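Work through these short exercises with the structure open. Try each task before you read its solution.

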Amino acid sequence: MGLGGKIDLVNGTPYDWLTTMPDKPYHMKTWSFPSTIPSGKTTTVYIEWDINTLKPSDDAGNVTFSLANTPYSFILQARAKNGFTLQVYLSNLTTINSAQRTTLPIGFKHDGRVNFVLAGTTAAGFTSSIVPVAWMQSTLGLIGERRLSAVCMPGSHNAGMSINTGQTPFVTEDQCLCQSMSVYGQLVSGSRFFDIRPVVAGGEFATGHYSMVGKAVGWQGMNGERIKDVIADVNRFTADNRELVIINLSHDIDTDTKYRGFSSAQWAALLEQLLALNNLVLFSNPTSVNLGDLTLNTLIRTRAAVLVLVDQNVPLGDFVNHGFYRSAQLAISDNYANTSDPARMVKDQLQKLQARAAGTFFVLSWTLTQVAAKDVLFRPVAELAGSVNPLLFGLLMGSCSKAVYPCVLYEDFMNADRGVAAMAMAVNAVFGQ
C-alpha cells in the first residue's frame, strides 16, 4: 500500500536545473525525476512512499539538482521517520532568507500537492519558498527600476472579509467570508494589492461582501473588518516594512439606506477617515500621473508607500491632493471567470492573460465563484479556494513569457506560508523587465 502526492518544482531562475546525482531511494515506491527542469518552467512530480498499514516505514529519497553553468546545487529529500515529509537542503546555495546548509521544510499532502520555488540570479541573489516579510525591499536590486505595471505581486480578493461583524438573514459565513487572516495577516503573508469593498453599516464604515439575490430576496451579504481596523492594520505593517500597499476601493454599498451606492457626502467622509493612513503617496500632478509608469525605487526605496485607488465616478474634490487616485491611473484590468469549475477558471484566466493589453495592470483572478444553488449550499468559498490555489504553482509559469505575465496573483483564502509571494518573485526573476 502506498501513500502518494505531488510536488511542483518551480524554476524561477535563468538556469536549467540538472539532475546531477543518481536517485537513491530507500523503499520509495515512486521516486523519479526528469534529467532537466528548464528555466522559467514548473515540473510536477508524483511521489509515493511504500508503507505498510500498521507502522510507518523509514523510506527515504534524495535527488540533487545543480543550476546549470553555476557552482550551486540543492537536494530534495524525502523523509519518513517523523511523519512523511519532503524538504530541501541548501547544500552550497544561499538565499535571501536562508543560509547555506539550511534545511527548508516543504511538507507533504496525501493525494494533494506541495511546492518548492527557487528564484533569482547569481548577481541579484536567490529567493526560495521561505520568503522574507518585506519581500519587495529584499529584491529591489532586481525589481527596483521596473515600472509598477511590470512587477508581479500577490493580491487579496475581498480582503476585508476575514470576520463576520454583521449580516443579513439569509447568508452564512461559508458564502461570504473570503479570507482567513486580517488585512495585517495578509500583508505579512505577502499580499500587496487589496480589494476593499466599503459599506456603511449601522452608520459606520466597514468592508462588505454583498450581492442582489433577486427581487423576492433582495440584497444579501455580510460585513467584515471595519475600515478603522483596516487602517490600523496597514499602519502597523508599514511602520516596520518599507513595502508598497495598494488599496483598491470598489463596490460601495450603503446597507443602512436601501443598499444604494455612497452619496458624495459618504465618499467624502470615507476618504477623510482614510487620511489616517500613513505613507500616502503624493505627487505634484495627481490627476495626470500614470501610476503604472512609476518604478518601485521611486515609491519605496526610502519609505513605505500606500496608494489608494477609487472608481472614476467617485467625487474626489480636493482629496486628489492628499494621496487618492483613480483606478484608471493604474490601468487595472480585472475580469474574473465567474465559474465554480476549476478547469474553466484556469482556462479563462490564462486565455485572458495571453490577451493582456500592453501597459495594463493585469490582475489574474485565481478565484472561483458560487454561481449555482448547489455551490451556495454545499461548497464554501474556503473549499473552492482550497481546490484552485495550489494549482497556481503548477500552471502559471508555463503561461508566462517576457511579453506576457500578470501583475497581481489574486486569491481568496491566501495561505500564511507566503507561497504566492514566492511565485510572484519567481515571475519577477524570470520574466520581468
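**Exercise 1. How are α5 and α6 oriented to each other: roughly parallel, antiparallel, perpendicular or oblique?**

Solution. This is a predicted model. Start with the helices: α5 spans residues 227-238 and α6 spans residues 264-274. They pack at an angle of about 30°, with their axes 10 Å apart. Angles under 35 degrees count as roughly parallel. Therefore α5 and α6 are roughly parallel to each other. Last, the handedness: α5 passes α6 in a right-handed crossing.

**Exercise 2. Locate Phe170 and decide: is phenylalanine 170 buried or exposed?**

Solution. Find the loop between β12 (153-156) and α3 (173-176); phenylalanine 170 sits there. Next, take its relative accessible area, 61%. Exposed means over 50%, so phenylalanine 170 is exposed. Now look at its partners. Phe170, Val213 and Val217 make a nonpolar surface patch of about 300 Å².

**Exercise 3. Examine the phi of arginine 101 and of asparagine 338, then place each residue.**

Solution. Begin with the background: most residues other than glycine have a negative phi. Arginine 101 is not a glycine, yet its phi is positive, about 65°. Asparagine 338 also has a positive phi, near 55°.

Then place them. Arginine 101 lies in the loop between β8 (85-89) and β9 (103-107). Asparagine 338 lies in the loop between β21 (332-334) and α8 (342-354).

Finish with accessibility. Arginine 101 has a relative accessible area of 56%, so it is exposed. Asparagine 338 has 42% relative accessible area, so it is partly exposed.

Notes
Residues numbered from 1 in each chain as written. Predicted model: local features only at pLDDT ≥ 70, side-chain atom pairs only at ≥ 80, totals over all residues. Heavy atoms only, no water. Patch = residues over 30% accessible without salt bridge, like charges linked within 9 Å, V, L, I, M, F, W, Y side chains within 5 Å. Areas by Shrake-Rupley, 256 points an atom, 1.4 Å probe, with all protein chains shown as cover. Salt bridge = Lys/Arg side-chain N within 4 Å of Asp/Glu carboxyl O. Helix = DSSP H or I, 4+ residues; strand = E, 2+ residues; numbered from the N terminus. Buried < 20%, exposed > 50% of the residue type's maximum accessible area, 1.4 Å probe, protein only. Axes fitted to C-alpha atoms, helices over the stretch in contact; angles between N-to-C directions. Parallel < 35°, antiparallel > 145°, perpendicular 65-115°, else oblique. Left-handed = near helix turned anticlockwise from the far one by under 90°.
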